[in-house]
Amino acid sequence: METSQKTLPDIPGDLLEKIFVRLPTPEDLARTSAACVTFRGVVTDGSFLRSFRRLHAPPVLGFFAHSQFHPAPPPHPSARAARALALAADFSFSFLPSYCRWGVCDSRDGRVLLARKPEKGKEAPIFTELVVCDPLHRQYILLPTVPEDLVASVENSVKDCILFFISPNKAEETEFRVIWMARCGINLTVLVFSSSTGEWLAASSSQDWRDIVVVGDPFYFLRPHFSGGCIYWDSPLNQNKLLVLDTSTMEFSIADFPPGEWGDVKLAIVDAGEGRFGMFSIHDGDEGGESVLNYMVGQNKGESSGQLKKVSLSLGYGHRYYFTNYATQNYLILLRTEARPYVGLSQAPSKIEFFSLDVKTMQLERMFIEPSMFGGSKVHIYTNFPPSLLSSPTI
């Protein structure tokens, strides 16, 4: 007696997309694409890859320190991907114009912002040449110079300035903006370059920062944090207020710290979702006591302090921890030194350890160890998907 063989119906492509986009890691996605022709067709579709990248934050693969790239080593979870990246990418930036030396200013979403270094013995100009590049695909865009009328409006009064590189539009992955913040007397002036228009514009000016620091203090006393489309500055001279620049409107405002006794603590600000900012702080114990990492979410209007999320994590004993000045939406870099008093270079800590902190899971992973003279003020995190279908050109 013959029996009819039943076959399962094919799974619709849109349903496969909904399943595959929820795979936890890029490695799982790569294995799925190798299973059959149908799966590979779904996974390699451009719109699917964009959806996956929007849903999954790229891992931290290393960091720049004094313009030198350091891939995450074992046993860091990203070590294998970081090694593949280091072999495939050109972090010596040999593909950039060779008529000058370039220094790293910022790094975000697989792209790197670099500025032209001054010639030896010469003072660096306020408005120097800038380039944005993709080291993995060896592509770059040389930004146009700031127009003379914008230069003339601020150049004579500029005291100091800082640069930020942001990717404001997740739908169009190749778009980016470069923000040039300059302190001009009692004002803060913002110049913005947009890759979509190819032009520099004067976006905003504010005097609100006089509520944050004393007018005569250097601009570098304002410590920058980028989170949720906003740039926040805190000052060691004022532990109650934050200066905020909304990068979608290019308008300044003042924000309050979450309730609590902050004092002179080490801070980092991250995106907490729903229009809130999250604030990490480090409290080191005296004489090698316990170091504690605290996390608190800023409250919206109408919320009481009892509704705030508060989390504390012990970092152990015998060390001191510090945040670097640069972070991404999902990761921070912490520095760790020995907790012992020292006077002079002969008594300086023998080493500095670098850790990546996942701001969602509060998972701390050691990345690098260097002699203490290395320093950590010019550290820029590099996040990207490793060389794969997901690491498409960003320029």
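Which residues have the most contacts inside the largest nonpolar core? The answer is Phe 93 and Leu 114, within a core of 33 residues, where a nonpolar core is a set of buried Ala, Val, Leu, Ile, Met, Phe, Trp, Tyr and Cys residues joined through side-chain atoms within 4.5 Å. Strand β1 (residues 60-65) gives the most to this core, contributing 5 residues, and apart from it lies another core, of 17 residues, which includes Ala 115, Leu 130, Leu 150 and Leu 191. The model is predicted, and local features need pLDDT of at least 70 while side-chain atom pairs count only at pLDDT 80 or more, although totals for chains, interfaces and linings use all residues. Residues are numbered from 1 along each chain as its sequence is written, and side-chain values use heavy atoms, with hydrogens and water left out.

Taken as a whole, the protein chain has 6 helices and 23 strands, these being DSSP runs numbered from the N terminus (H or I of at least four residues for helices, E of at least two for strands). Of its 395 residues, 47% count as buried, a word that stands for under 20% relative accessible area, with exposed meaning over 50% and partly exposed in between (1.4 Å probe, protein chains only). The accessible surface comes to about 20,200 Å², of which 51% belongs to carbon and sulfur atoms; such areas come from the Shrake-Rupley method with a 1.4 Å probe, and for residues only the protein chains shown count as cover. Among contacts (heavy atoms within 4.5 Å) between residues at least 6 apart in sequence, 49% join residues at least 24 apart.

Returning to the two residues named at the start, Phe 93 lies in the loop between α5 and β3 (102-108), and Phe 93 counts as buried because its relative accessible area is 9%. The phi angle of Phe 93 is near 60°, a positive value in a residue other than glycine. Leu 114, when residues up to four places away in sequence are not counted, touches Phe 93 and also, among others, Leu 96, Trp 102, Val 104, Cys 105 and Leu 130. Cys 105 is itself buried, since its relative accessibility is 17%, and Cys 230 is buried as well, at 13%. The count of disulfides nevertheless comes to 0, a disulfide being a pair of cysteine sulfur atoms within 2.5 Å.

Strand β1 leads on to the other end of the numbering, for β1 and β23 (residues 379-383) pair in the antiparallel sense over 5 bridges, pairing requiring that DSSP finds at least two bridges between two strands. The bridge partner of Ala 65 in β23 is Val 379. All 5 of the 5 residues of β23 are buried, with Val 379, Ile 381 and Thr 383 pointing one way and His 380 and Tyr 382 the other way. In a regular strand the side chains alternate between the two faces of the sheet. In the loop between β1 and β2 sits His 66, whose phi is near 55°, again positive in a residue other than glycine. Further along, a cis peptide bond with omega of about 5° joins Pro 74 and Pro 75, and Pro 75 has its place in the loop between β2 (68-71) and α5.

Helix α5 (residues 79-88) holds Ala 86, which counts as partly exposed because its relative accessibility is 34%. The C-alpha atoms of Ala 86 and Pro 386 are separated by 9.5 Å, although these residues are 300 apart along the chain.

Among the helices that come before β1, α4 (residues 46-55) has Phe 48, Leu 49, Phe 52 and Arg 53 buried. These residues are on the same side of α4 because they cover an arc of only 135° around the axis, the arc being that of the directions from the helix axis to the C-beta atoms. Their cover includes α1 (13-20), α2 (26-33) and α3 (37-43). In α2, Leu 29, Thr 32 and Ser 33 are buried, and they fall within an arc of 95° seen down the axis, so they line one face of the helix. What covers the buried residues of α2 includes α1, α3 and α4.

A further set of strands centres on β17 (residues 290-297), of whose 8 residues 6 are buried. Strand β16 (residues 276-283) runs antiparallel to β17 and is joined to β17 by 6 bridges, with Met 279 having Met 296 as its bridge partner. The hairpin of β16 and β17 has 6 residues between the strands, and there Glu 287 takes a positive phi near 50°. Strand β18 (residues 310-317) also runs antiparallel to β17, joined by 7 bridges, and Ser 291 stands opposite Gly 316 in β18.
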